[in-house]
Amino acid sequence: MSLISTESSPSLSLIENGGGSERRTAELSRSNRRTVQNLSATSLMRKRSDLKLISRVRWEFMKRMLTNLQEVLLGTKLFLLFPAVPLAVVAHRYGYPRAWVFALSLLGLIPLAERISFLTEQIAFHTGPTVGGLMNATCGNATEMIIAILAVGQRKMRIVKLSLLGSILSNLLLVLGTSLFFGGLSNLRKHQSFDRRQGEMNCILLFLALLCHTLPMMLRFATEAAGGTATNATNVLVVHPTRSEDGSDVLVLSRASSFLMLFAYLAFLIFHLFSSRITPPPPPQREEEEDDVYDDNVSDKEEEEAVIGMWSAILWLITMTLLVALLSDYLVSTIQDAADSWGLSVAFIGIILLPIVGNAAEHAGAVIFAFRNKLDITLGIALGSATQIALFVVPVTVLVAWAMGIEMDLNFNLLETACLALSILVTSFTLQDGTSNYMKGLVLLLCYIVIAVCFFVCNSPSVAAETITTYHTLTERFVMFTNKSCNTLGA
C-alpha cells in the first residue's frame with residue numbers, strides 16, 4: 001500500500017483538506033508532526049493494548065519484551081489469524097494435503113502483511129516523514145514482491161504475471177469500487193469530492209505502465225507475423241527467421257522499459273515528497289464539507305506516537321519478512337495442487353484470490369475511510385498501491401529475473417493486457433470530474449466481477465502445461481534449426 005500522494009508533507013495536507021481557512025491553519029502545527037503513515041489502513045486494524053499486567057513486571061528488559069509482543073502480535077484485530085502461520089508449517093512438514101498448505105499459507109499472509117505495514121510505520125515515527133514515506137513506498141507491497149521473486153526462482157512466470165496483474169486490477173476495480181459504492185451509500189446527503197489531480201497523476205503513470213506492457217506484446221505479434229516457415233520443392237522445411245525468432249528483442253524491450261518505469265516511479269516519489277509543496281492548492285470547499293473532512297475518529301483527534309522502539313521494529317520487520325517469504329514459498333509451490341483440488345484455474349487463483357486475501361487489511365482500510373468521506377485517503381490507498389505495483393514491483397521483478405539468468409518479459413498475453421487496459425480506462429473516466437457517488441463504485445465493481453467470471457471460465461494453461469509448451473517450443477526450434485542447416489549444406 002502506498003499513501004505518499006495523500007499526505008507526504010504539511011502542504012500536501014492543506015491541499016487535501018481544501019486550504020485557506022483559519023481552522024486549517026490551526027491544524028498545520030499538528031500536521032507538521034504527523035506523517036502519512038498516521039492515516040494508513042493499518043491504524044484502523046489496530047486495537048488498543050491493555051498494558052496493566054505488563055506494567056507490574058519488575059524487570060525492565062522483560063517488561064519491554066512483553067510490551068513488544070503485546071503490540072506486535074496482539075495489537076491488531078487480525079491476531080486470530082496468526083495460528084495459521086505455524087499450522088501451515090506443520091502441514092507442510094508432515095505431508096498434509098497440499099491444498100491445505102496453500103489455504104493456511106494464504107490465511108497466514110493476511111496478518112503478516114498488515115504487520116509489515118504497521119512496523120514500517122513505527123520505523124517512520126523515528127526516522128521522520130521523508131524517510132518514512134520512502135520506506136512506505138518501498139515496503140508497501142512487500143508481500144507481492146516476495147511472492148513474485150520466489151515464483152521467478154521456481155521459473156513459474158505465469159504465476160508471477162497473474163499475481164501482479166491481479167494486484168493491480170483488485171486495487172483499481174475491487175478496492176476503489178467497493179470504497180466508492182459503500183462510501184456513496186453512507187454519505188447520500190453529503191457532497192463527495194476529492195482532489196482530482198491526485199487521480200490524474202496516478203492514471204498518467206498507469207498509462208505509462210500500460211504502454212510498457214503493450215509494446216512487448218505487439219512486438220511479439222509483429223515479429224511472429226513477419227516470420228514463418230515453408231517447404232521447398234524437395235519437401236524440406238525451410239525457415240524464414242526473424243530477428244526476434246528467440247524472443248530476444250522482446251526481452252531487450254522489456255528490460256529497457258523496466259528501467260524507464262523505475263525512473264518514472266523515482267520521479268513520482270521525488271515529486272510528492274519534495275516538489276509538490278510548490279503546487280497551488282485547489283479552490284476552498286464549502287464550510288459543511290470542511291466539517292466532514294475533520295469529522296473522523298481514526299487518529300485526527302489524538303496524536304499517534306510510536307509504541308515500540310526503532311531497533312525493535314527493525315528486528316520484528318525482518319522476522320515478519322522471513323515468515324512472509326516462507327509462506328510465499330509454500331504458496332507458490334502448492335498453487336497448482338490447490339487449483340486441481342478445488343477445480344479452479346491457476347489464472348483465477350492468481351488474479352482473484354491471491355490479491356484479495358493478500359491485501360485484505362489495506363482493502364478494508366480504504367472502505368472505512370470512504371465511509372468517513374475521506375476519499376483522498378481512499379484514493380491514496382487504491383491508486384497508490386496500483387501505481388506502486390505497476391511501476392515498481394513489476395520492473396523490479398523483471399530485473400531480478402534478469403540478474404538470476406531467467407528470461408522474463410513484460411508480455412502478459414492478450415487477454416490479461418486487454419483487461420489491464422480497460423480497467424485503467426474505466427478508472428480514469430470514473431475519477432476525471434473529482435466527484436464520487438455510489439453508482440460509480442457499482443460500475444467499477446461490476447467490471448471486476450466480469451473479469452473474475454472471465455478468468456473463472458477461462459481454461460488457461462496450468463504451470464505444468466506451460467512447462468510442456470515451453471519444452472515443445474524449444475524442440476520445434478531445434479528441429480527448425482537442424483532442417484535449416486541441412487538445407488544450407490544441401491544447397
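1. In this predicted model, the side chains of Arg-115 and Glu-114 meet in a salt bridge, with a nitrogen-to-oxygen distance of 2.8 Å. Both partners are on the covered side of the classification, since Arg-115 is buried and Glu-114 is buried as well. As general background, side chains of opposite charge can pair when their charged atoms come close.

2. The pair just described belongs to a set of eight salt bridges that a search of the whole structure finds. Another member of the set links the side chains of Arg-197 and Asp-195, at 3.1 Å from N to O. Here the two partners fall into separate classes of accessibility: Arg-197 counts as partly exposed because its relative accessibility is 31%, whereas Asp-195, at 13%, counts as buried because that value lies under 20%.

3. A further salt bridge joins the side chains of Glu-200 and Arg-196, for which the N to O distance is 4.0 Å; a reader checking this pair should note that the criterion is a distance within 4 Å. Both residues lie in helix 11, which spans residues 196-226, and because they are four residues apart in that helix, about one helical turn separates Glu-200 from Arg-196. Glu-200 has a relative accessible area of 39% and is therefore partly exposed, and Arg-196, at 43% relative accessibility, is likewise counted as partly exposed.

4. Beyond these pairs, Lys-161, Arg-220 and Asp-409 are joined into one network by salt bridges that share partners.

5. Turning to helix packing, helix 14 (residues 310-342) packs with helix 15 (residues 346-358) at an angle of about 115°, and their axes are 9 Å apart. That angle makes helix 14 roughly perpendicular to helix 15, because the range counted as roughly perpendicular runs from 65 to 115 degrees. The crossing of the two helices is right-handed.

6. Which residues make the contact between these helices? Helix 14 contributes Leu-331, Ile-335, Gln-336, Ala-338, Ala-339 and Trp-342, while helix 15 contributes Val-346, Ile-349, Leu-353 and Leu-354. By class, the residues of this contact comprise nine nonpolar and one polar, with no charged residue.

7. Helix 15 is also mostly covered, in that 11 of its 13 residues are buried. Among the buried residues of helix 15 are Val-346, Ile-349 and Leu-354, each of which also takes part in the contact with helix 14. The buried residues of helix 15 further include Ala-347, Phe-348, Gly-350, Ile-351, Ile-352, Pro-355, Val-357 and Gly-358.

Definitions and conventions: Residues numbered from 1 in each chain as written. Predicted model: local features only at pLDDT ≥ 70, side-chain atom pairs only at ≥ 80, totals over all residues. Heavy atoms only, no water. Axes fitted to C-alpha atoms, helices over the stretch in contact; angles between N-to-C directions. Parallel < 35°, antiparallel > 145°, perpendicular 65-115°, else oblique. Left-handed = near helix turned anticlockwise from the far one by under 90°. Contact = heavy atoms within 4.5 Å. Nonpolar A, V, L, I, M, F, W, Y, C, P; charged D, E, K, R; others polar. Buried < 20%, exposed > 50% of the residue type's maximum accessible area, 1.4 Å probe, protein only.
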